Amino acid sequence: MESTVKCLIIGSGPAGYTAAIYAARANLSPVVVEGPAPGGQLTTTTEVENFPGYPDGVQGPKLMEDLRAQAQRFNADLRMDVVTAADLSSRPFRVTLGGGDTLLAESLIICTGATARYLGLDDEQKYLGMGVSACATCDGFFYRNRSVAVVGGGDTACEEALYLAGIAEKVYLIVRKDYLRASKVMQDRVRNNPKIQILFNCNTTGLFGDDVLEGAHLVENAGTSAEDHFDITVDGFFLAIGHKPATEMFAGQLELDEAGFIKVDGATTATSVDGVFAAGDVADPRYQQAIVAAGSGCRAAMDAERFLLEHEG
Ligand code: NDP
């Protein structure tokens with residue numbers, strides 16, 4: 001079925017639902033295509049302590065349920081479907097859904113977020129789901145009283161290491177440099193946790209194990225006179241080395257930065273194509289915070305509203 005939509009929102013993280021709330025309240029009758037992971041990254045996290053309005057913190061999935069319910073309250077049309085193709089060459093933009101529908105969008109807000117990065121080792125794919133994971137809060141449960149490793153030195157890696165330390169017996173934090181990039185408070189928590197051992201200047205060269213993961217091959221001080229190769233025994237290997245924006249579908253149609261994030265003009269959420277706006281992590285390599293994503297979702301809806309007003313015949 002083909003239908004025309006005033007304001008189409010792709011993605012359902014804090015940016016997508018906030019854009020939907022604002023667009024619905026502006027009478028734009030938004031349609032939200034929720035995508036392959038409704039609710040986005042926060043549905044795979046535990047406690048969120050830094051979203052304003054929740055003095056005692058809130059569970060990530062609960063926060064997303066609340067945002068979704070708020071969008072529904074204003075009659076945003078939420079579709080549990082995925083976008084398989086988007087043609088942005090002329091307006092209305094032609095967006096095809098996995099379920100077979102085609103939507104002709106007079107304005108488009110892209111909030112497709114970002115997904116976890118992997119190191120690129122063949123072994124990661126080999127042990128995926130059998131020891132390798134990019135989500136401690138999803139899979140940590142399986143490692144009660146076992147040994148695990150987390151790769152990365154940012155806030156995500158520290159957060160995952162701390163979460164896993166509450167479940168596992170031993171947590172290695174594999175950091176490629178000689179310092180942590182994470183915020184001071186997270187660094188202190190990690191350093192003060194007796195279950196976490198930080199392995200600085202270390203890189204993973206491979207993983208091993210008969211059927212399931214049994215350990216990782218590491219190299220310390222690679223390329224120097226102090227280079228040292230050793231193995232650690234772990235049942236779980238968690239990647240926390242940043243995220244990749246979900247923009248493949250827009251490559252060649254929208255201006256992206258070198259890492260693939262959508263470029264927006266800065267003062268607004270406008271992309272390089274008139275009538276297409278971007279909000280949330282997909283356009284934000286810098287902050288990647290739920291509250292920032294929600295704020296940019298609000299801006300995108302207001303930008304779309306203004307655009308439609310200026311372009312309505
Ligand atoms: P970051 O980009 O901040 O950190 C990525 C980490 O992974 C860095 O330590 C980086 O090393 C390392 N890394 C990257 N590639 C490789 C590789 N190939 N091999 C080994 N290590 C690698 O990403 P995060 O996901 O941690 O954080 C993203 C943003 O979200 C940040 O702004 C962060 O502050 C924020 N955040 C905030 C939280 C909170 O406030 N509660 C929680 C989680 C995230 P190197 O340092 O050497 O580049």
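**Helix packing and the ligand shell in a predicted model**

The crossing of α1 and α7 is right-handed, and I would like to begin there, with the reminder that what we have in front of us is a predicted model. The two helices in question are α1, which covers residues 14-25, and α7, which covers residues 290-311, and their axes come within 7 Å and cross at roughly 35°.

Which residues of α1 and α7 meet in this crossing? On the side of α1 they are P14, A15, T18, A19, Y22 and A23, while α7 brings A290, A293, A294, G297, C298, A301 and M302 to the contact. Sorted by character, the residues of that contact comprise 11 nonpolar and 2 polar ones, with no charged residue among them.

Let me stay with α1 for a moment, since the loop between α1 and β2, the strand at 31-33, is the place of S29. This S29 has a positive phi of about 45°, although S29 is not a glycine.

The second helix pair is α5 with α6, where α6 spans residues 184-191, and here the axes lie 10 Å apart at a packing angle of about 35°. The crossing of α5 and α6 is left-handed. D155, C158, E159 and L162 of α5 make the contact with M186, R189 and V190 of α6, and these residues divide into 4 nonpolar and 3 charged, with no polar ones.

Helix α5 also takes us to the ligand, because I want to ask next which helix gives the most to the shell around the ligand. That is α5, residues 155-165, which contributes 3 residues to the shell. There are 19 residues around the ligand, and those that come nearest are G153, D155, T156, R176 and R181; D155, as you will recall, also belongs to the contact of α5 with α6. By character, the shell holds 4 nonpolar, 9 polar and 6 charged residues.

Turning to individual atom pairs, a polar side-chain atom of E159, another residue of the α5 contact with α6, lies 3.2 Å from a nitrogen atom of the ligand. With K177, an N or O atom of the side chain is 3.0 Å from an oxygen atom of the ligand, whereas with G154 a backbone N or O atom lies 3.3 Å from a ligand oxygen. As for the surface, the ligand taken alone exposes 910 Å², and the protein buries 76% of that.

I will close with one feature of the backbone, and ask where P92 lies. P92 is found in the loop between β6, residues 83-87, and β7, residues 93-97, and the peptide bond leading from R91 to P92 is cis, with omega near 0°.

Technical notes. Residues numbered from 1 in each chain as written. Predicted model: local features only at pLDDT ≥ 70, side-chain atom pairs only at ≥ 80, totals over all residues. Heavy atoms only, no water. Near = heavy atom within 4 Å. Polar contact = N/O pair within 3.5 Å; in protein donor to acceptor, adjacent residues only side chain to side chain. Areas by Shrake-Rupley, 256 points an atom, 1.4 Å probe, with all protein chains shown as cover. Helix = DSSP H or I, 4+ residues; strand = E, 2+ residues; numbered from the N terminus. Nonpolar A, V, L, I, M, F, W, Y, C, P; charged D, E, K, R; others polar. Axes fitted to C-alpha atoms, helices over the stretch in contact; angles between N-to-C directions. Left-handed = near helix turned anticlockwise from the far one by under 90°. Contact = heavy atoms within 4.5 Å.
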